[in-house]
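Colleague: I'd like to go through this one with you and ask how you back up each label. Can you put it up?

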Amino acid sequence: DVKHTSSMCQFHRDQPVCLHCRQCDVSICLLCKLTSHEGHVTVDLISVTLEAKEEVTSLLASAQQQLQVMQSFIRRMDRDDRDLTWHPQEVTKQVRARHDALI
């Protein structure tokens, strides 16, 4: 749900922004559309907000997937690190036990 909050135009302070100029990538009011943005492709501000929300949601989902992959990788690295630490100690212990058994 996109909440509608009215922002006022920075050039026409008594006019609410209601459009987004694609060419200039800026939010504008109707007077701006008729003057400095005449002929520019504009879209409803709510539509642009919904598009941005969808893009952010998609990027967030992708980041969460990448995070899960990285967490899995870190768990695997931790397990490998423990195994590499454990094996030399265990081998040394077994060699000493054999050595002691032979003496």
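**How the labels were earned**

Modeller: Here goes: searching the whole structure turns up one salt bridge. Bear in mind that this is a predicted model.

Colleague: What makes Glu-51 and Arg-22 a salt bridge?

Modeller: The closest N and O atoms of Glu-51 and Arg-22 are 3.1 Å apart. The cut-off is 4 Å between a side-chain nitrogen of Lys or Arg and a carboxyl oxygen of Asp or Glu, so the pair qualifies. The bridge links distant parts of the chain, with Glu-51 in helix α2 and Arg-22 in the loop between β1 and β2, 29 residues apart.

Colleague: Why are Glu-51 and Arg-22 called partly exposed?

Modeller: Glu-51 has a relative accessible area of 38%, and Arg-22 has 40%. Buried means under 20% and exposed means over 50%, so values in between get the middle label.

Colleague: Next, His-20 in strand β1. Why does His-20 count as buried?

Modeller: His-20 has 9% relative accessibility, and the limit for buried is under 20%, so the label follows.

Colleague: How do you know that the side chains of His-20 and Asp-25 make a polar contact?

Modeller: They are joined at 2.9 Å, and the limit for the N or O pair is 3.5 Å, so this one counts. Beyond its neighbours within four places in sequence, His-20 is also in contact with residues including Val-41, Thr-42, Val-43 and Val-48.

Colleague: And Asp-25 itself, why is that residue called exposed?

Modeller: Asp-25 comes out at 59% relative accessibility, and exposed means over 50%, so Asp-25 makes the cut. Asp-25 sits in the loop between β1 and β2. Its phi is positive, about 55°, although Asp-25 is not a glycine.

Colleague: What about His-40, buried or exposed?

Modeller: Buried: the relative accessible area of His-40 is 15%, and the label needs a value under 20%, so His-40 passes. His-40 is in the loop between α1 and β3. Leaving out residues up to four places away in sequence, His-40 touches Cys-21, Gln-23, Cys-24 and Lys-33.

Colleague: Which residues make up the largest nonpolar core?

Modeller: Seven of them: Cys-9, Val-17, Leu-19, Cys-21, Ile-28, Cys-29 and Cys-32. To be grouped like that, they have to be buried and joined through side-chain atoms within 4.5 Å. Setting aside residues up to four places away in sequence, Leu-19 touches several others, among them Val-26, Ile-28, Leu-30 and Leu-45.

Colleague: Then what makes Met-70, Phe-73, Ile-74 and Met-77 a surface patch?

Modeller: Those four form a nonpolar patch, with about 380 Å² of accessible area together. Patch members need over 30% relative accessible area, and Met-70 has 47%, so Met-70 clears that bar. At that value, Met-70 counts as partly exposed. Met-70 is found in helix α2, which covers residues 45–102.

Colleague: One more in helix α2, Asp-83. Why is Asp-83 called partly exposed?

Modeller: Asp-83 has a relative accessible area of 36%, and partly exposed lies between the 20% and 50% limits, so that is the label.

Colleague: And how far apart in space are Asp-83 and Leu-60?

Modeller: They are 34 Å apart, C-alpha to C-alpha, and 23 residues apart in sequence.

Terms used. Residues are numbered from 1 along each chain as its sequence is written. This is a predicted model: local features need pLDDT of at least 70, side-chain atom pairs count only at pLDDT 80 or more; totals for chains, interfaces and linings use all residues. Side-chain values use heavy atoms; hydrogens and water are left out. Helices (H or I, at least four residues) and strands (E, at least two) are DSSP runs, numbered from the N terminus. Buried means under 20% relative accessible area, exposed over 50%, partly exposed in between (1.4 Å probe, protein chains only). A polar contact is a pair of N or O atoms within 3.5 Å; within protein, one must be able to donate a hydrogen and the other to accept it, and residues adjacent in sequence count only if both atoms are side-chain atoms. Contact means heavy atoms within 4.5 Å. Patches are made of residues with over 30% relative accessible area and no salt bridge: like charges are joined within 9 Å, nonpolar side chains (Val, Leu, Ile, Met, Phe, Trp, Tyr) within 5 Å. Accessible areas come from the Shrake-Rupley method with a 1.4 Å probe; for residues, only the protein chains shown count as cover.
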